[in-house]
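Subject: Structure for your files

Hello,

Here is the structure I said I would pass on. My notes on it follow below.

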Amino acid sequence: MPYLEESYDIVVVGAGHAGCEAALACARLGLETIMFTVSVDSIALMPCNPNIGGSSKGHLVRELDALGGEMGKNIDKTFIQSKMLNESKGPAVHSLRAQADKQDYTRHMRQTLENTDHLTIRQAEVSELIVEENVIKGVKTFSGAVYRAKAVVLATGTYLKARCIYGDVSNPTGPNGLQAANHLTDSLKANGIEMFRFKTGTPARVDKRSIDFSKMEEQKGDDRIVPFSFSTDPDTVQKEQVSCWLTYTNEETHKIIRENLDRSPLFSGAIEGTGPRYCPSIEDKVVKFPDKNRHQVFVEPEGLYTNEMYLGGMSSSLPEDVQYAMYRTVPGLEHVKIVRNAYAIEYDCINSLELKPTLEFKKISGCFSGGQFNGSSGYEEAAVQGFMAGINAAMKVLGREQIVLDRSQAYIGVLIDDLVTKENHEPYRMMTSRAEYRLLLRQDNADLRLRKIGYEIGLVSEEDYQKTVKKEQQIKEEIQRLNKTNIGANGKVQKFLESHGSTPLKTGATLAELVRRPELDYFMLTEIDDKRPELQFDIQEQVNINIKYEGYIRRQMQQVAQFKKMEGKKLPEHFDYGTVKSLRREAVQKLNQLQPVSVGQASRISGVSPADISVLLVHLEQMRQQRSRSDRD
Amino acid sequence: MKKETIAAIATAMSDSGIGIIRISGPEAFLIADRIFKRKKGKPLCEEKANTIHYGFICDGDEKLDEVLVIIMKAPHSYTAEDTVEIDCHGGVLMMKKILELVIRNGARAADPGEFTKRAFLNGRIDLSQAEAVMDVIQAKNEYALKSSVSQLRGSISKKMRELRAEILYEMAYIESALDDPEHISLDGYREKLAVLTEDWLKKIGHLLSTADKGKVMKEGIRTVILGKPNAGKSSLMNVLVGEERAIVTEIAGTTRDTLEEHIYLNGISLNVVDTAGIRETKDVVEQIGVSRARDAAKDADLIIYVVDGSCPLDENDAEIMDFIRDKKAVVLLNKSDLLMVVSAEELRERSGHKVIPVSAKEELGIEALEDEIKNMFYQGQISFNDEIYLTNIRHKEALEQAKTSLDMVRESIRNGMPEDFYSIDLMDAYTQLGTIIGEEVGEDLVNEIFSRFCMGK
């Protein structure tokens, strides 16, 4: 008999960005939730880069916020610099990124968690899953205590059998020297879950006082700050910002790295995990791109109340002395003092093909998972998965329908679909190029896309939802007005057009037609648009984008319609594809392994050909006819 | 979402009098009306179902062919959709011209087995036949893919790969810059891409203009003549190509050093692959090893196995007979003008195929061979070559679409659209070109980004 036994609706294992979102979502839906962490002080820790957002990751945060997640609100409270990336490019790739005060970020998130009803925080290492007949029943801690639960969310991040490495030093710890979780892997394996070993890394943190900023370029934040959260009033976030700094490596740096490659655990073979290609260590970059004679180094503050600075672009697992030598070749870092070494970290994660699109394990009913544990990388990727795993665990306990976002609805949908459909051999990072419908999935319309879903789940307040409904209405009305309003070729208009290098009108034109001209936009037309209503900036922005890019948006919507058709064709669960005559052997094997939920998902599995899909469609129809025939009999 | 209208040639691709082009789908009548002209008459959709109409297929003002058009209305057709069948009688070339015209006017080239698939999905084919339907789809696709990959002319597939690689690189560049704007800049990129796009358009335009002359893919029944040296393969070849009844064209692949003879035999097009030396003259001793011939014969639709009846069979013959046992083949017992030491019965038993005694030298028995091939073709034993015709038309369609996509890139650049818009159309062009050489997109872009550009923190 265990000496201690408690019962909860939901157990969340891990208190990183995935764990926090999962626990908050469940508790806010009224379920008794307990969240485990190896250290309460490490709740919502940012052990690597000190920022939230960035290209495509900014999209994830805004989508999460629209659905009722916490990350956006938390960074709005704790950022120290903010920037909209890609502003000169199309609206689909604008992306918000904010530098966080790391400690502040952690503290605020912890405060939020501690003050959420139905949520219990517990410091303990979960070492075992309690599974009976493929159904999760709870977890056991290392000390032997048992926590019964109706559903479990695993979000162990990089802590499973973690090992931190630089040079020939190898510490069996999680990030920042935190205690690793060494037992859960075995329990997962015992339940038939396939595990991978992944690797990532982080650069050194250095003392601000030892840096000569005069040799670096200053990188300031935006003048007008856009908040992450749709619930944050933009006026409340306009504040004094802290700068980041840019410098470069040089041939001298690269020479030192090349001469010491044999001492790198990556090249000596001491590291076995697979690292991400998009976030290579500086030694990787030097080896892979020998023609580049310099690489950028971003020097970023870790917070307002610390002198530690993050050396973005120079993650490494070289020995300590080599780290000193190479950092000190960089202009401005000649006398740099290291506070924390750069290191690589290896950890266990699952093969994400073990999961359904709901993030529930195929082999363990009621057990869900999110974050780096699933083989992704990045705070934002983790947070959105934790959130989706959390709400689906909650939906399951509440007996409500599972929530799956598809590739045409959200980057979150793309991320999860990729994880559960495609073979993934490195930590997965979100990228805009992965989203085939990205013109529709913009960061500026995440609320229009997802608020309703968040509201129906129960995580978006009535007030926030009504705001979106009203916004939608106003956008629609304004677009209609622009399409209907004809403007004559009068002197004022011609003069306006001329002054903007635009061809004068021969006959009249609608305002919408003028917005579509490459050299004009909605905002510029204020001058000649006398009856324009007073509208908020975000509404004006939507009107402008929707009219200006109408042709492209329409084309993408046609593609989406096509896509939805195949997503709507559901495949049976636990189906033996070997019984379908004419499927190729490779397809049978892949389909049996993956058990896709729809024909659409099946079509994205590598090794399943269009002909196999045709065969599947015919087979589905055959089954349908057989069913309706036996119904008649 | 509306179902697309599809079209294909429904009859065997031979020069046998009448051929049928079938159009199926919601816009079948509309599309037919655009190209079908007659003295008087209402639009086809207003005509009664199951009626036949006389008139001309016109490409603009140009009359292509005198035809009969049959209309069937949903659900009373093979596919249970609105269907138009155009009976034309201008031979293979005309059928293809009309099909292309139909496609230009809004239909899409049918996928392999798609008519049958639709017929089933629309409930026209009995449930018990479902598995046969699946077989047809898979077999036709496999054939189309195989012919796509193996019969695509070397030079074209090379050009296609180069073009795709260039487009992929540019997409990866744009995406890297969008993903990591602080590391990779797009300054001045627009001008560079504009130049590249013009170049790509020119290349595709060239491919399109030559698409009719030398088809993208070699059409016809892929035929290999096997036999030991001196069995009489060369003589047979000469007889087949040398006579008036055969029309010969030479197609030399540029990257693979094979030569092919294109022969029309009673209106059936054969594509005879020269397995090293078939075309060489009588005085040169042929040196085909069995293994080499085996390679050539592996992908063949039809094997003609020539045996020298004046010499006893040896282990080379045994090996060939073993190899062709489960393939479509005809065995020729050659040199029937000499003293025979091999009997037709023995050969038939050991090879499992029909044996025809011939004398290539005296040109005896050649008609029997032609009849046999014709029979096999019309009985459907070697019937797949229509897929090649269709694949060619699909290729052309894909090229046209790639061109349209690149036109849009050009348009976007001219209109000063932001760079991320280009990659959408570039991806379309890339995907379309991929269908020609049988390659899917998959993770190409992400892999290219990581392997070419240095990104990240």
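A residue counts as buried when its relative accessible area is under 20%, as exposed when that area is over 50%, and as partly exposed in between. By that cut-off A:Glu70, at 4% relative accessibility, is buried. Please keep in mind throughout that this is a predicted model.

Salt bridges

A:Glu70 is a good place to begin, as its side chain forms a salt bridge with that of A:Arg28, at 2.7 Å from N to O. What does this pair tie together? A:Glu70 sits in the loop between helix 2 (57-67) and helix 3 (71-78) of chain A, while A:Arg28 belongs to helix 1 (residues 17-28) of chain A, so the bridge joins parts that are 42 residues apart in sequence. Unlike the buried A:Glu70, A:Arg28 is partly exposed, with a relative accessible area of 35%.

A second pair in chain A is A:Arg110 with A:Glu114, whose side chains meet in a salt bridge at 2.9 Å, N to O. These two residues are four apart in helix 4 (residues 102-114) of chain A, which means about one helical turn separates them. In general, an α-helix has 3.6 residues a turn, so residues three or four places apart point the same way. Both ends of this bridge are partly exposed: A:Arg110 has 27% relative accessibility, and A:Glu114 has 44%.

In chain B, B:Asp111 forms a salt bridge with B:Arg108, and their closest N and O atoms are 3.7 Å apart. B:Asp111 is partly exposed at 37%, whereas B:Arg108 counts as buried at 18%.

Chain A also holds a network of salt bridges that links A:Arg407, A:Asp417, A:Asp418, A:Lys422, A:Glu436, A:Glu567 and A:Arg604. Over all chains, a search of the whole structure finds 71 salt bridges.

The interface between the chains

On the chain B side, 51 residues are in contact with 64 residues of chain A. The area buried between the two chains is about 5,000 Å², and carbon and sulfur atoms give 57% of it. Four salt bridges are found across this interface. The side chains of B:Asp179 and A:Arg429 also meet in a salt bridge, at 2.0 Å from N to O. Polar contacts across the interface involve twelve residue pairs, with both residues at pLDDT 80 or more.

Which elements of chain B give two or more residues to the side that touches chain A? They are helix 3 (114-121), helix 4 (130-151), helix 5 (154-179), helix 12 (385-414), helix 13 (419-436) and helix 14 (444-452) of chain B. Helix 4 of chain B gives the largest share, nine residues. By class, this side of chain B is made up of 24 nonpolar, ten polar and 17 charged residues.

Helix 13 of chain A

Helix 13 of chain A covers residues 462-484. Its 23 residues reach 33 Å from the first C-alpha to the last, close to the 33 Å expected at 1.5 Å a residue. Buried residues in this helix include A:Asp464, A:Tyr465, A:Lys471, A:Ile475 and A:Leu482. The buried residues of the helix pack against helix 12 (446-457), strand 22 (509-510), helix 15 (511-516) and helix 16 (537-548) of chain A.

Two threonines

A:Thr37 lies in strand 2 (residues 33-37) of chain A and is buried, with a relative accessible area of 5%. The side chain of A:Thr37 reaches the backbone oxygen of A:Ser39 at 2.9 Å. Leaving aside residues up to four places away in sequence, A:Thr37 touches A:Ala15, A:Ser42, A:Arg122, A:Gln123 and A:Ala124.

B:Thr431 is in helix 13 of chain B and is partly exposed at 31% relative accessibility. B:Thr431 and B:Arg164 are 267 residues apart in sequence, but their C-alpha atoms are 8.7 Å apart in space.

Backbone points

The peptide bond from B:Ala74 to B:Pro75 is cis, with omega near 0 degrees. B:Pro75 is in the loop between strand 5 (62-72) and strand 6 (83-88) of chain B.

Although not a glycine, A:His118 has a positive phi of about 70 degrees. A:His118 is in the loop between helix 4 and strand 6 (119-123) of chain A and is partly exposed at 34%. B:Lys335, also not a glycine, has a positive phi of about 65 degrees, and its place is in the loop between strand 13 (329-334) and helix 10 (344-351) of chain B.

Regards

Methods: Residues are numbered from 1 along each chain as its sequence is written. Chains are lettered from A and ligands numbered from 1 in the order in which they are written. Side-chain values use heavy atoms; hydrogens and water are left out. Contact means heavy atoms within 4.5 Å. Buried area is the accessible area (1.4 Å probe) that two parts lose on being put together, summed over both. A polar contact is a pair of N or O atoms within 3.5 Å; within protein, one must be able to donate a hydrogen and the other to accept it, and residues adjacent in sequence count only if both atoms are side-chain atoms. Ala, Val, Leu, Ile, Met, Phe, Trp, Tyr, Cys and Pro count as nonpolar, Asp, Glu, Lys and Arg as charged, and the others, Gly among them, as polar. The expected span of a helix is 1.5 Å times one less than its number of residues. Buried means under 20% relative accessible area, exposed over 50%, partly exposed in between (1.4 Å probe, protein chains only).
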